[in-house]
Amino acid sequence: MRIFVHPLPKYLSSDVCVLIDALRATCTISAALANGASGVRPVRSIKEALKFRGEALLAGERNGVKIEGFDLGNSPNEMMNLQGKEIVLTTTNGTKAISMLKCDTVVAASFPNISAIKNFISSFDRVDLICSGDNGEISLEDFLLAGMIAELDENPTDAARISQIYARSVHNIKEEALRSSHARHLIEIGFSKDVDFCTSVDTLDVIPILKDGVFRRLIS
Ligand code: MLT
């Protein structure tokens, strides 16, 4: 299989796209679905999210902080007891990156569901990994996760190869993630438990797949 690694968001048309926002959007989406949410609708703006008030729980952040008047932040640790509830989520980078994709299949990858995602994509011929980054800058944690997934490609493109080499050089994911500027920001504003959650590997067996604008749990 060929894996294309995109270190930053871009307008992209492709068959299978894996969206990565390791801290925290794609982790929050996975946690919500694992904890019973019926769906997570990613939207680009606060204004768009507000249209769903009353129909769904509004969740999101700007610069890491919960949006005023919203029900939830963008915290995987807040995604509890959501049986049958739909979430509308808007985040600084992750949901913006999703809005740039025109792909037949979009799934959300994070460290907690990395093996589930790798299993899912392994049968496709071509897969694009899109890192959300941080306000236009490459994010260490997104690129690390991309490199771990790109291991599936035995004949990698240049970008996939660079990501693989980086990922192979990392022996402790948590320790490495703590070096990222966004992890340090989240810890500074009181979200060290989220950094912990989001950098735990294979704790969630869930594949969030986008259908008609909503991430649903893929039942295999
Ligand atoms: C984002 O989309 O920029 C992030 O998920 C930010 C965060 O809440 O940590």
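# Questions on a predicted model

User: How far is the sulfur of C131 from the closest cysteine sulfur?
Analyst: A disulfide is a pair of cysteine sulfur atoms within 2.5 Å. The cysteine sulfur closest to that of C131 is in C17, and it is too far for a bond. The distance between the two sulfurs is 12 Å.

User: Which pLDDT is needed for side-chain atom pairs to count?
Analyst: Residues are numbered from 1 along each chain as its sequence is written, and side-chain values use heavy atoms, with hydrogens and water left out. This is a predicted model, in which totals for chains, interfaces and linings use all residues, local features need pLDDT of at least 70, and side-chain atom pairs count only at pLDDT 80 or more.

User: Is C131 buried or exposed?
Analyst: Buried means under 20% relative accessible area, exposed over 50%, and partly exposed in between, with a 1.4 Å probe and protein chains only. The relative accessible area of C131 is 0%. C131 is therefore buried.

User: How many residues apart in sequence are the parts that the pair of C17 and C103 ties together?
Analyst: The structure holds one disulfide, and this bond joins C17 to C103 with an S to S distance of 2.1 Å. C17 lies in strand β2 (residues 12-20) and C103 in strand β7 (residues 101-109), so the pair ties together separate parts of the sequence. Helices (H or I, at least four residues) and strands (E, at least two) are DSSP runs, numbered from the N terminus. The separation of the parts tied by C17 and C103 is 86 residues.

User: Which cysteine sulfur is nearest to that of C27?
Analyst: C27 is buried, with a relative accessible area of 0%. This cysteine takes part in no disulfide. At 3.1 Å, the nearest cysteine sulfur is that of C198.

User: Which element gives the most residues to the largest nonpolar core?
Analyst: A nonpolar core is a set of buried Ala, Val, Leu, Ile, Met, Phe, Trp, Tyr and Cys residues joined through side-chain atoms within 4.5 Å. The largest one has 32 residues, and V40, L101 and F215 have the most contacts inside it. Elements that each supply at least two residues of this core include β2, α3 (94-99) and β7. With five residues, the element that gives the most is α1.

User: What is V40 in contact with, leaving aside its neighbours within four places in sequence?
Analyst: Contact means heavy atoms within 4.5 Å. V40 is one of the residues with the most contacts inside the largest nonpolar core. Its partners beyond those neighbours are I29, A32, L33, I87, L89, V214 and F215.

User: How much of the area that the ligand exposes when taken alone does the protein bury?
Analyst: Residues around the ligand, meaning those with a heavy atom within 4 Å of it, include D21, R24, E61, N74, G94 and H182. A polar side-chain atom of D21 lies 2.8 Å from an oxygen atom of the ligand, and a polar side-chain atom of R24 is likewise 2.8 Å from a ligand oxygen atom. For G94, a polar backbone atom is 2.7 Å from an oxygen atom of the ligand. Taken alone the ligand exposes 270 Å², by the Shrake-Rupley method with a 1.4 Å probe, and of that area the protein buries 99%.

User: Which side chain is joined to that of D128 by a polar contact of 2.7 Å?
Analyst: D128 lies in strand β8 (residues 126-131) and counts as buried at 0% relative accessibility. A polar contact is a pair of N or O atoms within 3.5 Å; within protein, one must be able to donate a hydrogen and the other to accept it, and residues adjacent in sequence count only if both atoms are side-chain atoms. The side chains of D128 and R126 are joined by such a contact of 2.9 Å. The contact of 2.7 Å joins D128 to H6.

User: How many residues of helix α5 are buried?
Analyst: Helix α5 covers residues 140-150 and is mostly covered. Its buried residues include E141, F143, G147 and A150. Of the 11 residues in α5, the buried number is 10.

User: What separates the C-alpha atoms of A160 and G147 in space?
Analyst: A160 is found in helix α6 (residues 158-169) and counts as buried at 0% relative accessibility. Not counting residues up to four places away in sequence, A160 touches I3, V5 and A150. A160 and G147 are 13 residues apart along the chain, and their C-alpha atoms are separated by 6.7 Å.

User: Is N119 buried or exposed?
Analyst: N119 has its place in helix α4 (residues 114-121). Its relative accessible area is 59%, and N119 is therefore exposed.
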